[in-house]
Amino acid sequence: MDGLNIVDPDRVHAVVVGLERYPRQPDWDLPGAAHDALRFARWLRKGGVPGANIRLLVAPGEESRRMLEAQAHAAELTWCPTWSRDELMDAFTSGLDGCAGDVLYVYWGSHGVLDHDDRRLLLCPDASLSDKRCIGITNLREHLARADLPGLGQQVLLFDTCATFLEHHHQQAGPAVAAFPPAPRRRVEQFLLYSAGAGQVAENDAAQRGGVFSRTALDWLEAHAVDLRPDLGLLAEHVDERFQELHATGAPLQTPVSLQIRSLDGSERRTVLPVRRPLPPSPERDHVTLVLRHVLSEADLRARCLDHLASACPEARLEPGSTDGHLAHALLTVRRAMAALVEVVHPRDREAADQLLSLARSLGMPGLLSPLEFSTLHEVLSQTSRRPTVAHMIAAVRAALPLERTWLPPLAGTPHGASAVDQLMACVEHFEEHAGGMSLVDRGLPLVPVVVRFTELLAAATPAPEDRARLHDWGDRVARRLGVHAGGLAERRADAANWAGGLGRPGKPPRVVAQLEAETPVGSDEGQCFSCVMWTDTGTGELVQAAEQCREPLSPQQVVRRIERTLARLRAMTHETPVVEILLRADSLHLPVDSWDGADDEDPLPTLLGVERAAVLRCAPLASAEREEQRRAELERRWAGRHNTSVVYLDDSHCEGHAAYGALKQDTGAARAVVRAGPSGRNRLVQAALLLGYPVILWDRQATGPVPDGHFAPVQPDADVDGLPWRVRDHRARVCGAPLAHTLRPAVLLEDADRPLPPVLSLTEPSGSRGESS
């Protein structure tokens with residue numbers, strides 16, 4: 001193919017795009033895209049193209065912004081920060097108006113996808129998973145051939161973008177493609193060079209801060225086309241040959257690339273990947289091939305698996321037409337390939353996934369985590385705001401895992417200057433290599449992998465609840481893929497939570513414990529009185545009887561006032577917000593203490609205990625010492641596994657016979673019970689959960705009948721237990737603001753087995769001096 005016609009550099013125009021940051025989807029950031037765009041613009045400037053003819057549109061990271069400010073000025077270039085699809089489209093509409101010239105260059109570096117109609121789409125900087133704002137390349141080409149664009153009859157378009165299938169993003173939302181306005185077209189000569197073929201990833205080399213394709217093309221342009229008259233055929237051949245060399249080396253950071261070329265005369269040529277060499281004989285590969293033919297017998301599932309592997313493990317060099325033999329070879333040789341395959345299979349066929357996992361264990365296939373799981377964990381650890389130092393963390397983990405202490409890599413083994421996250425990820429990679437991580441117990445159930453046990457220890461040592469939740473969610477997903485029993489993970493999670501106390505994590509919030517006893521028959525609040533004895537705990541677990549005590553019965557309003565005064569003293573002492581624990585007998589759970597009003601008559605703003613304070617109910621010991629011992633043992637066991645998010649729901653159907661007993665005993669790991677039954681059976685179901693030692697029990701105190709499935713969703717009963725009192729308090733406040741909009745009136749019993757009950761439960765003779773009675 002001949003080079004471009006001889007042109008005056010003054011009659012060359014260019015639109016150069018480098019999208020490095022995606023603010024609405026930070027994990028899409030593409031380091032180096034800004035540098036590649038600047039390098040292309042500088043090549044044009046060195047050839048004599050005026051800076052005013054080059055529109056350099058960049059969405060840079062902070063480091064690239066500083067680089068642009070220095071180097072663009074030195075090259076007499078003006079760059080424009082570009083953060084939206086509209087700004088990019090304007091550059092090709094009004095931005096090209098009046099640009100008289102002969103040649104138009106378009107360079108574009110960003111993320112890209114291939115939709116269901118095989119259209120190549122360019123993701124714009126304001127795109128996200130749920131709103132994939134993009135521009136279609138075909139539509140852009142048609143727009144550049146519009147009749148009202150003067151000159152610019154020769155157009156060279158280079159795209160360094162992925163062409164992965166849209167399904168890789170695992171979202172229901174399709175692309176939001178913006179179209180250029182339709183207009184009459186004219187004949188122009190267009191040359192297109194894509195960095196990746198259909199379904200492929202365009203590799204970005206983080207170490208070199210740039211795209212592999214861009215670096216290859218720009219190296220050739222700077223060496224062979226200083227005069228701006230590149231032989232485009234030679235450019236395409238050079239890129240093709242370079243990537244064939246990369247295929248031969250098997251370098252893991254390089255992605256095989258196919259090129260699609262539209263020549264200046266309008267014809268098309270496509271160069272494809274080199275033909276694969278025959279695989280050497282291998283009994284293991286033959287065995288895996290037979291298993292794959294059985295597991296992937298459905299064409300749709302097989303296509304999805306190859307598609308996912310092409311994206312997740314590009315070094316496997318798999319294409320839609322790859323044979324089962326080549327797929328088996330990739331699973332045996334490419335790190336994390338089998339894990340990536342199981343990611344696709346296990347949601348559709350658990351039995352097939354277990355068969356593949358068994359195969360991976362027996363043949364020692366490399367990599368326990370999938371590429372997505374590994375990168376997601378790196379992202380989660382990068383977002384963790386506070387954690388112990390890495391040295392402290394590793395020393396503590398060595399103590400927590402004495403049998404595996406030699407498995408942890410020493411800090412000296414990590415690269416010099418490695419970040420804390422990189423050091424932790426080095427531990428993760430080290431744990432993956434040990435067979436014990438996938439050892440088996442009776443009946444073939446997989447144990448919790450050591451790498452997941454390690455991340456559970458990291459979670460337990462992380463003080464921020466939201467960071468712990470992200471690590472727990474990651475562990476849950478990995479355990480599900482590996483077929484790990486939920487009870488086993490809950491036990492390891494409980495071990496980690498118990499171990500974390502040795503890391504010097506801050507104590508629990510202070511609390512006021514108020515034991516209440518009704519002195520009058522249950523009925524209307526009016527005229528009802530209560531005995532009240534209070535204790536305080538600064539957060540250490542030690543209970544001290546409160547200074548303010550009274551033997552006379554009190555009204556609910558007086559009880560609230562006394563609790564408020566005690567709270568104020570404790571808050572002044574600890575400078576923290578205390579929790580209120582109302583200690584009741586098992587048969588007194590109906591008391592609506594969360595709605596008691598403690599305000600004076602002349603005070604227009606009431607003090608509602610359950611709105612002003614995080615308030616929960618706790619149960620005093622049962623009268624039967626033997627039954628209380630049994631309940632306490634079960635309570636402590638379930639409390640240790642409280643990070644297990646499973647919930648036992650009880651409705652009216654459980655009121656018959658022993659249905660409630662069976663449901664509550666069936667899930668041995670559940671720490672939460674939610675009662676959805678109507679008033680006739682509600683109290684009995686709450687009592688059953690309490691007597692069987694459930695640490696968390698939720699019910700609706702004021703529901704007039706059975707409640708629907710999503711009734712308790714506003715307080716998230718399956719979320720972090722430690723945050724439940726505050727979630728309930730916030731919901732009660734919303735109820736006060738809009739009662740009709742919020743039908744849930746939650747009552748919560750939260751038996752924190754780590755927080756002792758008062759040593760003296762008698763209400764007959766409280767110790768200490770008498771205080772005020774109102």
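**Exercise 1. In this predicted model, is Arg-348 buried, partly exposed or exposed, and which residue does Arg-348 meet in a salt bridge?**

*Step 1.* Start with the cut-offs: buried is under 20% relative accessible area, and exposed is over 50%. Arg-348 comes out at 43%, so it counts as partly exposed.

*Step 2.* Now look for the partner. The side chain of Arg-348 meets that of Asp-300 in a salt bridge, at 3.2 Å from N to O. This pair connects distant parts of the chain: Asp-300 sits in helix H8 (residues 299–312), while Arg-348 is in the loop between H10 and H11, 48 residues apart.

*Step 3.* Check the other end too. Asp-300 has a relative accessible area of 42%, so it is also partly exposed.

**Exercise 2. Where in the chain do Arg-511 and Glu-581 sit, and are they buried or exposed?**

*Step 1.* Get the geometry first: the closest N and O atoms of this salt bridge are 2.9 Å apart.

*Step 2.* Place the two ends. Arg-511 belongs to strand E16 (residues 511–518) and Glu-581 to strand E19 (residues 579–584), with their positions 70 residues apart.

*Step 3.* Apply the under 20% cut-off. Arg-511 is buried at 0% relative accessible area, and Glu-581 is buried at 6%.

*Step 4.* Follow the shared partners. Arg-511 and Glu-581 belong to one salt-bridge network, whose members also include Asp-537, Arg-618 and Glu-751. For scale, the whole structure has 44 salt bridges.

**Exercise 3. What is the strand order of the open five-stranded sheet, and which strands stand at its edges?**

*Step 1.* Write down the order: E9-E5-E6-E7-E10, with mixed pairing.

*Step 2.* Read off the ends. Strand E9 (164–165) and strand E10 (175–178) each have a single partner strand, so one side of each lacks a neighbour in the sheet.

*Step 3.* Zoom in on E10. Strand E7 (residues 132–136) pairs with E10 in the parallel sense over four bridges, and Arg-133 has Ala-176 as its bridge partner in E10.

*Step 4.* Add the helix. H4 (residues 137–144) lies across E6, E7 and E10, at about 45° to E7.

**Exercise 4. How does the span of helix H16 sit against the expected value, and what covers its buried residues?**

*Step 1.* H16 (residues 465–482) has 18 residues and reaches 26 Å from first to last C-alpha, close to the expected 26 Å.

*Step 2.* Its buried residues include Trp-474, His-472 and Arg-481. Among the elements covering them are helices H10, H12 and H17.

*Step 3.* Just past the end of H16, Gly-483 takes a positive phi of about 75°.

Note on methods
Residues are numbered from 1 along each chain as its sequence is written. This is a predicted model: local features need pLDDT of at least 70, side-chain atom pairs count only at pLDDT 80 or more; totals for chains, interfaces and linings use all residues. Side-chain values use heavy atoms; hydrogens and water are left out. Helices (H or I, at least four residues) and strands (E, at least two) are DSSP runs, numbered from the N terminus. The expected span of a helix is 1.5 Å times one less than its number of residues. Buried means under 20% relative accessible area, exposed over 50%, partly exposed in between (1.4 Å probe, protein chains only). Contact means heavy atoms within 4.5 Å. Two strands pair if DSSP finds at least two bridges between them. Axes are lines fitted to C-alpha atoms, for helices over the stretch in contact, and angles run from 0 to 180 degrees between N-to-C directions. A salt bridge is a side-chain nitrogen of Lys or Arg within 4 Å of a carboxyl oxygen of Asp or Glu.
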